[in-house]
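Work through the exercises below with the sequence and the model side by side. Each task is followed by its solution.

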Amino acid sequence: QVQLVESGGGLVQAGDSLRLSCTASGRTFSSAAMGWFRQAPGKEREFVAAIGWSGGRTYYADSVKGRFTISIDNAKNTVYLQMNSLKPEDTAVYYCAAGPRPAPPQSFGSWGQGTQVTVSS
């Protein structure tokens, strides 16, 4: 089982930036991909971005394309989500996830505890 620990959430204003981090430990070799999902109050959890541990192709939800960037540091077993031009609708609990492949989003089965991102208008 892989363990995932997120950090970097907080309260920011619209237009600001935040970078989320997620460090993986445990059976990381069994998870070929990492991803970010989010869940806003009263809504279902939704896919945000994904990347393979080897880097290369990345996947984004349409709502964050051009604003969010997912990246990975293999040496640190850490995946990042750089969030720019934040909007109030980005407010959610953000979850790190691990899975055998970066797509489709249903591939992910291991989850972190989540980190709150709040964007004020």
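**Exercise 1.** Determine whether Ser85 is buried, partly exposed or exposed, and describe its backbone.

Solution. Ser85 has a relative accessible area of 42%. Buried means under 20%, exposed over 50%, and partly exposed in between (1.4 Å probe, protein chains only). Ser85 is therefore partly exposed. Its phi is positive, about 50 degrees, although Ser85 is not a glycine. Ser85 is found in the loop between β8 and β9; strands are DSSP runs of E with at least two residues, numbered from the N terminus.

The model is predicted: local features need pLDDT of at least 70, side-chain atom pairs count only at pLDDT 80 or more, and totals for chains, interfaces and linings use all residues. Residues are numbered from 1 along each chain as its sequence is written, and side-chain values use heavy atoms, without hydrogens and water.

**Exercise 2.** Carry out the analysis for Asn77.

Solution. Asn77 sits in the loop between β7 (68–73) and β8 (78–83). Asn77 is not a glycine, yet has a positive phi of about 50 degrees. With a relative accessible area of 27%, Asn77 is partly exposed.

**Exercise 3.** Locate the cis peptide bond.

Solution. The bond from Ala103 to Pro104 is cis, with omega near 0 degrees. Pro104 lies in the loop between β9 (92–99) and β10 (110–111).

**Exercise 4.** In what order do the 4 strands of the open sheet lie?

Solution. The order is β1-β3-β8-β7, with antiparallel pairing; two strands pair if DSSP finds at least two bridges between them. The edge strands, β1 (2–7) and β7, each pair on one side only. Between β1 and β3 (residues 18–26) there are 6 bridges. Glu6 stands opposite Cys22 in β3.
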